[in-house]
Amino acid sequence: MANTALADPDSGLSQAQLAARYGLRVAGERPPLGEYARRLWRYRHFIASYANAKLVASFSNARLGQLWQVLTPLTNAAVYYLIFGVVLKQDSIPNFIAYLCTGLFIFNFTQTAVQSGTQSITGNLGLIRALHFPRACLPLAVTVTQFQQLLGSMVVLVAIVLVTGEPITFAWLLLVPAILLQAVFNAGLTMTVARMGAKLADLKQVMPFVLRTWMYGSGVLYSVALFEEQLPAWASRLVEFNPALVYIELARVALLEQAPLLSSSLLQLWLAAVGWAIVMGVGGFIYFWRGEQEYGRG
């Protein structure tokens with residue numbers, strides 16, 4: 001027995017001890033949070049390239065190509081304006097066309113990111129199983145793709161705002177930090193629904209109903225003053241912290257001179273926007289990281 005132990009130094013060691021001795025690790029093992037963030041940063045060029053490829057591919061089969069980035073929100077705005085502006089006559093809102101388009105374009109940024117993010121893991125199982133990379137690259141690429149689409153939409157939105165009579169003011173500069181904060185919020189939310197979608201295959205069927213309810217509760221199509229008129233005081237206060245409403249309101253304040261607001265002050269809106277970006281951005285990242293070992297298994 002002594003000769004055998006000398007001949008084979010690994011005899012009697014457990015699998016865990018053997019792995020530790022030779023520096024082996026479990027395939028797909030979740031790295032520490034800090035190391036995971038550093039790896040993700042090293043893959044930033046992959047995220048950007050993948051996002052660009054997805055953006056081009058999404059319109060490759062359409063005759064008008066990437067022009068649909070602009071035509072889709074414009075068509076939605078035309079339909080909703082017909083209903084809420086012409087039929088229901090929202091006369092209490094100055095410049096209702098710009099008010100409506102701002103709400104639709106800003107909410108569409110979050111809506112499309114969530115819809116695509118829900119399937120960012122389940123729709124890329126082949127890539128996940130073939131290559132080793134931080135899986136957070138996929139939902140983050142979704143956010144980058146939708147952000148690029150938003151930038152194209154913003155050009156159209158600015159044109160609509162100008163055509164409908166709004167002047168150019170220094171307040172327009174506030175649109176930049178508002179959109180950047182929304183992008184951070186969207187990134188965290190997209191990572192959250194990506195993990196949930198990886199576990200619950202039926203989530204993508206439920207999400208359109210959730211997003212439609214969220215849209216109607218975010219003052220996209222009508223004056224947010226209706227919340228104060230129709231809801232109890234406590235419910236109205238709760239609505240004020242709806243993240244979609246917060247980012248929409250900041251965009252309207254930046255672009256429109258007479259945008260009707262809830263009772264919350266502008267400072268409160270900015271604090272809520274920063275708070276939501278931090279909570280959802282950091283929380284969504286940690287939540288997704290905790291499920292890193294699960295993606296592509298089973």
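# Exercises on a predicted all-helix model

Of the 57 residues in the largest nonpolar core, Leu104, Met154 and Leu221 touch the most other members. The exercises below concern a predicted model.

## Exercise 1. The cores

Determine which helices each supply at least two residues of the largest nonpolar core, and which helix gives the most.

*Solution.*
Step 1. Begin with the core itself, a set of 57 residues in which Leu104, Met154 and Leu221 have contacts with the most other members. At least two of its residues come from each of helix H5 (68-87), H6, H8, helix H9 (175-199), helix H10 (203-216), H13 and helix H14 (266-290).
Step 2. The greatest contribution to this core is that of H6, with 11 residues.
Step 3. A second core, separate from the one above, has 20 residues, including Tyr50, Leu138, Phe288 and Trp289.
Step 4. For Leu104, set aside the neighbours within four places in sequence; the contacts are then Asn76, Ala77, Tyr80, Val220 and Leu221. Leu221 thus appears both as a contact of Leu104 and among the residues that touch the most other core members.

## Exercise 2. The overall fold

State how many helices and strands the protein has, and what share of its residues is buried.

*Solution.*
Step 1. The count is 14 helices and 0 strands, and the pattern along the sequence is α-α-α-α-α-α-α-α-α-α-α-α-α-α.
Step 2. The protein has 298 residues, of which 45% count as buried.
Step 3. Consider next the contacts with a separation of 6 or more: 79% of them join residues 24 or more positions apart.
Step 4. For the outside, the accessible surface is about 15700 Å², and carbon and sulfur atoms account for 65% of this area.

## Exercise 3. The cavities

Identify the residues and helices that line the largest cavity and the second largest cavity.

*Solution.*
Step 1. There are 2 cavities of 30 Å³ or more in the structure. Such spaces can be found because rolling a probe the size of a water molecule over the atoms shows where empty space is left.
Step 2. The largest cavity holds about 50 Å³. Its lining consists of Phe105, Asn108, Phe109, Thr112, Gln146, Gln149, Leu150 and Ser153, with at least two residues each from helix H6 (96-118) and helix H8 (137-163).
Step 3. By residue class, this lining has 3 nonpolar, 5 polar and no charged residues.
Step 4. The second largest cavity, of about 30 Å³, is lined by Ile106, Phe107, Thr110, Gln182, Ala244, Tyr247 and Ile248. Here H6 and helix H13 (243-255) each provide at least two lining residues, and the division is 5 nonpolar, 2 polar and no charged.
Step 5. H6 therefore recurs: at least two residues of H6 line the largest cavity, and at least two line the second largest.

## Exercise 4. Two individual residues

Decide whether Pro208 is buried, partly exposed or exposed, and state where Asn95 lies.

*Solution.*
Step 1. Pro208 is placed in helix H10.
Step 2. Buried means under 20% relative accessible area and exposed means over 50%. Pro208 is partly exposed because its relative accessibility is 30%.
Step 3. Pro208 and Val114 are separated by 94 residues in sequence, yet their C-alpha atoms are 9.6 Å apart in space.
Step 4. Asn95 is found in the loop between H5 and H6. The phi of Asn95 is positive, near 55°, in a residue other than glycine.
Step 5. For comparison, most residues other than glycine have a negative phi.

Notes
Residues are numbered from 1 along each chain as its sequence is written. This is a predicted model: local features need pLDDT of at least 70, side-chain atom pairs count only at pLDDT 80 or more; totals for chains, interfaces and linings use all residues. Side-chain values use heavy atoms; hydrogens and water are left out. On a 1 Å grid over the protein atoms alone, a cavity is a set of points where a 1.4 Å probe fits but cannot get out, and a pocket is an open set with protein on both sides within 12 Å along at least five of seven lines; lining residues have an atom within 4 Å of a point. Grid points are joined across faces, edges and corners, and a volume is the space filled by probe spheres set on the points. Helices (H or I, at least four residues) and strands (E, at least two) are DSSP runs, numbered from the N terminus. Ala, Val, Leu, Ile, Met, Phe, Trp, Tyr, Cys and Pro count as nonpolar, Asp, Glu, Lys and Arg as charged, and the others, Gly among them, as polar. A nonpolar core is a set of buried Ala, Val, Leu, Ile, Met, Phe, Trp, Tyr and Cys residues joined through side-chain atoms within 4.5 Å. Buried means under 20% relative accessible area, exposed over 50%, partly exposed in between (1.4 Å probe, protein chains only). Contact means heavy atoms within 4.5 Å. Accessible areas come from the Shrake-Rupley method with a 1.4 Å probe; for residues, only the protein chains shown count as cover.
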